[in-house]
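Me: I have a structure to go through. Please tell me what each term rests on.

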Amino acid sequence: MKARVSLDIMLKQGILDPQGTTVERNLPSLGFEGVSGVRIGKHIEVEVEAPSREEVAARVEEMARRFLSNPVIEDFTYRIENGSA
Amino acid sequence: MKARVSLDIMLKQGILDPQGTTVERNLPSLGFEGVSGVRIGKHIEVEVEAPSREEVAARVEEMARRFLSNPVIEDFTYRIENGSA
Amino acid sequence: MTASLDLAESLGLTADEHERIVATLGREPTKAEIAMYAAMWSEHCSYKSSKIYLKTLPTEGPRVVMGPGENAGVVDIGDGLVAVFKIESHNHPSLVEPVQGAATGVGGIVRDIVSTGARPIAILDPLRFGALDEWRNRWLLGGVVAGISQYGNSIGIPTVGGEVQFDPCYRGNPLVNVLCLGIGRADRVIRARAERVGAVALLFGNKTGRDGIGGVSVLASRPFDSEAEAKRPSVQVGDPFAEKIAIEACLELAERGLLIGLQDLGGAGLCCATSETASRAALGMEVDLDQVPLREDDMEPFEILTSESQERMLAIVAPEDVAEAVAVCARWGVTAVAVGKVTEGDLVVNRRGEVVARAPARSLADEGPTYHRPARRPEWLDELRARDPLALPAPDDLGAALLDLLASPNICSKRWVFEQYDSLVQHGTLAGPGGDAAVLRVPGTGRALALSTDGNARYCLLDPRLGAAHAVAEAARNVACSGARPVSVTNCLNFGNPEDPGVMWQFAEAVAGMGEACRALATPVTGGNVSFYNQTEGENIHPTPVIGMLGVIEDASRALGIAWGAGRAVALLGETRAELGGSEWAWATHGFAGGAPPSLDLEAESRLVDLLASLAERELIESAHDCSQGGLGVTLAECAIASGIGAILDPATD
Amino acid sequence: MARYDGRVKIGVVQFPGSNDERDAVWAIERLGGSAELLWHGDRDLRGADAVILPGGFSYGDYLRCGAIARFAPVMAEVEEFARSGGPVLGICNGFQVLCEAGLLPGALARNGGLKFICRPQPIRVENPSTVFTRRTARGRVLTIPIKHGEGRYITDRATLATMEARGQVVFRYCTPSGEVSAAGNPNGSLDGIAGVCNEAGNVLGMMPHPEHAVDPAVGAGSADGALVLGSLIESLAGARA
């Protein structure tokens with residue numbers, strides 16, 4: 001089957017996110033109130049060809065851990081959007 | 001209420017995504033087969049304080065259109081994760 | 001065994017060091033005190049294994065304004081100006097996360113220069129990696145260069161030189177050394193001293209988080225929610241924008257004369273900056289951790305004190321100037337908070353109304369242990385030295401051999417690397433990357449400064465003393481080839497595990513050789529850095545002392561490059577001998593590393609350097625190029641490539 | 001506003017994170033104009049005859065290059081000045097700020113090769129009749145250094161067509177011999193575009209750095225940048241003569 005998967009790769013909690021902090025600090029001066037906790041990371045969309053949904057998940061996890069993210073400073077989450085037989 | 005919102009900002013279809021293509025080209029050499037259509041953009045998480053869920057959505061959309069994305073070359077989608085009253 | 005001894009030992013303090021702490025304090029140390037001593041008495045901060053050798057180096061000279069022991073070396077360059085420069089290493093963080101490890105290496109050395117009140121005008125990056133046929137080393141190279149590019153370009157300081165070398169010994173331990181040069185006013189050099197009782201300690205820059213707490217984190221009394229977080233290595237994410245606004249704020253504070261003292265928060269963070277500035281003025285400091293802006297609210301005192309969050313500075317300001325200083329910082333978008341006051345007594349640290357640490361600043365900053373580690377020449381060296389490079393088969397086709405050498409990783413063009421660096425900002429770069437030395441205009445004068453970084457680890461493997469002397473001599477020749485007179489040296493000493501007697505022997509010999517050469521060439525050492533424990537799965541790297549040499553060109557219009565002009569005569573200065581020991585040809589062609597390094601006549605080197613500078617000053621030569629790695633053939637080829645003009649050479653004529 | 005020495009005065013905006021603002025001031029003064037830094041937080045152009053938005057990494061280039069800088073208080077004045085016909089030159093980061101502010105069409109995205117590039121770059125003059133290019137000629141090749149990581153110009157086909165028709169494409173990347181081709185294009189920009197102006201021609205954005213090609217002793221060893229900055233100074237002096 002061919003599944004569209006989307007991953008979000010964010011810096012781990014407690015690790016400085018310079019982009020997030022700088023954007024957050026400047027939002028009020030741009031006229032946007034009541035916004036906090038800004039964190040910015042990567043969104044990756046891929047199509048994965050694999051025998052089963054479990055296979056798709058396994059391949060995505062391995063790819064995320066070994067290549068798409070750096071486990072030392074980043075965490076990742078993923079969603080398998082649709083699976084066509 | 002205070003809601004956690006996550007946005008995904010991607011280059012519009014048809015606009016070259018060099019990061020995505022480079023990652024896609026390198027995946028086979030690292031042993032990952034059957035992966036295609038790699039596209040890489042930004043994932044942004046924010047907390048929005050607003051009277052209602054509709055208000056949260058309106059504020060997020062305005063912020064995304066005017067600041068968080070560049071409408072000339074980017075599209076955005078967003079999800080309101082949880083809303084605490 | 002008292003609880004505090006267990007904790008102390010788990011942080012690398014020995015039993016007798018713990019005993020000395022108990023004697024100094026007259027009681028058991030608190031958890032925060034143990035963390036402070038462990039950080040301040042670490043190899044990185046106290047130089048405990050290297051101190052006895054480093055103090056043999058020549059550090060005096062007519063131009064030296066500030067030598068080792070301060071934030072950076074300061075040298076007089078005339079016109080009421082000083083050059084401030086230093087080199088540091090960020091090897092271990094770069095192995096774990098290459099982009100951020102290298103980026104924060106740039107950030108740290110730049111803050112050392114800025115803390116003397118000087119504006120940084122140049123960065124050089126000597127880098128060393130394992131062999132390129134391994135994917136991991138290509139990943140490390142790409143990451144380190146990207147980190148230096150992103151950070152250095154963003155803070156607006158041109159990266160104008162350095163080197164990239166490859167050797168299998170660096171496979172699990174890349175060397176990321178970064179040199180920074182700044183220009184300041186001679187009458188306004190800022191020292192890292194908390195000079196005046198009652199002065200206020202102002203912390204400014206980024207918030208403090210749990211970055212880089214590494215080993216000390218074992219002290220944490222809260223449970224770690226994940227195994228990864230428990231052993232999170234000392235990785236910090238750099239924020240070049242926060243650095244840029246902190247630099248501009250610092251320079252404006254200095255210009256307005258608001259600074260009594262200034263120090264970067266680097267290794268051992270706030271604990272180091274407070275204890276060192278107080279100790280240098282033989283005073284104490286009262287610190288209130290409640291004032292420190294935190295990134296995470298549940299941080300314990302020991303974490304706040306030893307955090308190595310980036311882009312933070314400690315300024316010592318007179319009470320009446322604090323308001324203006326805070327306003328200057330705010331104008332640049334930098335938060336500045338008073339966290340302490342200079343006192344007569346000890347360094348006293350308060351947290352939520354309670355004294356969590358009290359110790360004499362001097363004992364933390366200046367009374368660290370001094371080790372006399374055993375040093376012994378390793379036996380494997382004799383076999384290596386016994387090999388005869390002259391027995392290697394000579395190439396039958398010299399042209400092909402030269403082309404192979406020019407294409408080898410250590411000699412080939414590094415344009416792929418330095419084109420990722422902004423080498424133009426500040427409109428002062430007379431000679432950028434790719435030549436013998438970087439040459440930079442001194443703003444507002446007719447002078448220029450030349451800078452070169454050099455180090456040949458293979459020579460040092462074969463003979464650490466001679467190899468280190470060669471590094472100084474080659475750096476001097478490089479700046480002389482640009483028309484400059486060598487003035488002073490900074491050094492980055494990258495070595496293996498000091499607990500291995502062979503490594504300590506290499507270190508002792510290298511420092512001795514460096515000292516000899518610096519004396520012979522009259523280039524005193526104004527500071528530097530020692531990095532031990534560089535090894536891969538227990539295998540030590542080759543001894544790699546890297547020398548940063550500063551030279552002065554009185555008339556910038558007389559600066560030289562390596563490109564020659566058409567129709568010019570080409571002369572070789574100095575003697576050529578049949579010496580192929582440790583040569584790049586033998587290594588690149590036959591994978592051979594053996595024999596003895598080439599001989600070195602320091603007196604002749606000194607005369608050669610003077611001759612080159614005088615020829616340039618009298619405009620008797622138009623270009624010059626140092627003959628080093630790869631030999632004469634490579635040197636001539638590089639001149640031709642740089643100018644696009646060939647040459648007909650007949651070595652037979654004398 | 002009395003002009004104390006009659007020299008043309010150019011305001012150079014300084015954002016937090018700008019790097020080439022002092023280089024621009026130095027280059028303008030070396031060419032006989034006078035230049036003054038304009039603080040991003042002040043809504044005041046201090047009577048400048050023209051405004052330069054300099055190169056650098058305003059706000060660290062976080063989120064997008066120029067995304068935050070374009071909201072700076074000074075930008076309200078710059079937009080008004082531009083709309084009233086005042087000359088505005090955006091160099092590198094400045095070009096990105098002008099696009100984000102909607103003063104110029106299109107956007108600057110990450111280089112095709114994903115790497116920051118710093119080297120001398122041949123560019124071809126496509127429109128010699130703006131206040132920034134009057135000292136050049138159509139088709140002339142200038143060598144001006146580029147140093148950027150996000151310089152790939154993008155716009156949609158329809159906008160490009162109208163821009164071409166109105167001569168809004170001012171510079172294109174090319175080979176040393178002046179050929180606009182893939183070989184001469186360092187970052188994958190659409191049709192090799194290196195610089196564009198607005199419809200009225202008084203606002204120019206260019207990725208190459210003319211201020212780093214005024215003194216041939218430094219940087220890229222070329223003085224072609226003096227033709228661009230010199231054109232601006234000359235136009236202003238002429239306008240007031």
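Me: This is a predicted model. What makes E2(A) and strand E2 (residues 35–49) of chain B a pair, and in which sense do they run?
Reply: Two strands pair if there are at least two bridges between them. E2(A) and E2(B) have 11 bridges, so they pair, and the sense is antiparallel. One of the bridge partners is B:Glu45, which sits opposite A:Arg39.

Me: Why is the meeting of B:Arg39 and A:Glu45 called a salt bridge?
Reply: The cut-off is 4 Å from a side-chain nitrogen of Lys or Arg to a carboxyl oxygen of Asp or Glu. Here the N to O distance is 3.4 Å, so the pair qualifies. Between chain A and chain B the count is two salt bridges.

Me: Which elements of chain A supply at least two residues each to the side that touches chain B?
Reply: Strand E1 (2–11), strand E2 (35–49) and helix H2 (53–68) do. The largest share comes from E2(A), with 15 residues.

Me: What classes of residue make up that side of chain A?
Reply: There are 14 nonpolar, five polar and 13 charged residues.

Me: How many residues are in contact across the two chains?
Reply: 32 residues of chain A touch 33 residues of chain B.

Me: How do you know what area chain A and chain B bury between them?
Reply: Buried area is the accessible area lost on being put together, summed over both parts. For these chains that comes to about 2700 Å², with 60% of it on carbon and sulfur atoms. In chain A, the residues that lose the most are A:Phe32, A:His43 and A:Phe67, together 22% of what that side buries.

Technical notes: Residues numbered from 1 in each chain as written. Chains lettered and ligands numbered in written order. Predicted model: local features only at pLDDT ≥ 70, side-chain atom pairs only at ≥ 80, totals over all residues. Heavy atoms only, no water. Contact = heavy atoms within 4.5 Å. Buried area = accessible area lost by both parts, 1.4 Å probe. Helix = DSSP H or I, 4+ residues; strand = E, 2+ residues; numbered from the N terminus. Nonpolar A, V, L, I, M, F, W, Y, C, P; charged D, E, K, R; others polar.
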